[in-house]
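I opened the model and kept notes on what I looked up. The entries follow in the order I made them.

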Amino acid sequence: YPDVALFLGALVGAYYLTAFGQASGRTVVLHTAAEYVAFIALIGGLYVVSGGVVVRLAKPVSPAANTVFLLVGAVLANMVGTTGASVLLIRPFLRANEGRLKPLHVVFFIYIVSNCGGLLTPIGDPPLYLGFVKGVPFFWTTRWLGVSWALVVGCLLAVFFVFDSSAS
């Protein structure tokens, strides 16, 4: 629905221009547009880089191998972003589990690699990147949320291992 998105964006831009006055509203709209371009450049770059890499895994896989793979994906998500890690790793993960693939494999991949994985750096998650652009120190989330990240990812991996072992 690009037309709807464009219409809603124009509506918000028009609101800023009228509510904050011509000069101030223009500044807000231009600043927001610059942040959007920086965000799209980051996401696009991560997508292009990770989309050109092929990862091959040896078969057959085990619940332990799957768990390690998801842990590597969670760590990698902090370096190439959740989107980049997801694009890079989803195909090999699905291929490796061919014949034993269950919805839980996809759901836990999304939880661990696509969502929770990128918490430690602004590169990892788009909202954190916008915080970095606004002046939040680069390693702030690593320092203050590292233990929480390890706890959440560790618990998700443990639950995944139990479910994957029972699904085999």
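Salt bridges. I searched the whole structure, a predicted model, and got 2 salt bridges. I wrote down one of them: the side chains of Lys-134 and Glu-35 meet, with 3.0 Å from N to O. I then checked where the two partners sit. Lys-134 is in the loop between helix H5 (126-133) and helix H6 (140-167), while Glu-35 belongs to helix H2. The two residues are 99 residues apart, and the pair links distant parts of the chain. As a general note, side chains of opposite charge can pair when their charged atoms come close.

Cavities. I asked next how many cavities of 30 Å³ or more the model holds. The count came to 1. I noted about 30 Å³ of space in the largest cavity. I listed its lining from the N-terminal end of the chain: Leu-42, Ile-43 and Leu-46, then Gly-81, Thr-82 and Thr-83, and finally Ile-123, Gly-124, Asp-125 and Pro-126. Which helices each supply at least two residues of this lining? I found helix H2 (22-51) and helix H3 (63-96). I also sorted the lining by class and got 5 nonpolar, 4 polar and 1 charged residues.

Surface patch. I looked up a nonpolar patch on the surface, made of Leu-94, Leu-101, Val-106, Val-107, Ile-110 and Tyr-111. Together these residues have about 430 Å² of accessible area. I traced the largest share of the patch, 4 residues, to helix H4 (residues 103-116). Leu-101 I placed in the loop between H3 and H4. I added a reminder on helices: there are 3.6 residues a turn in an α-helix, so residues three or four places apart point the same way.

Helix H1. I took the span of helix H1 (residues 2-19) last. This helix has 18 residues and reaches 25 Å from its first C-alpha to its last. I compared that with the 26 Å expected at 1.5 Å a residue and recorded the span as close to it. After H1 I found Gly-21, whose phi is positive, near 85 degrees.

Methods: Residues numbered from 1 in each chain as written. Predicted model: local features only at pLDDT ≥ 70, side-chain atom pairs only at ≥ 80, totals over all residues. Heavy atoms only, no water. 1 Å grid on protein atoms, 1.4 Å probe; cavity = no way out; pocket = protein on both sides within 12 Å on 5 of 7 lines; lining within 4 Å. Points joined across faces, edges and corners; volume = space filled by probe spheres on them. Nonpolar A, V, L, I, M, F, W, Y, C, P; charged D, E, K, R; others polar. Expected span 1.5 Å × (residues − 1). Patch = residues over 30% accessible without salt bridge, like charges linked within 9 Å, V, L, I, M, F, W, Y side chains within 5 Å. Areas by Shrake-Rupley, 256 points an atom, 1.4 Å probe, with all protein chains shown as cover. Salt bridge = Lys/Arg side-chain N within 4 Å of Asp/Glu carboxyl O.
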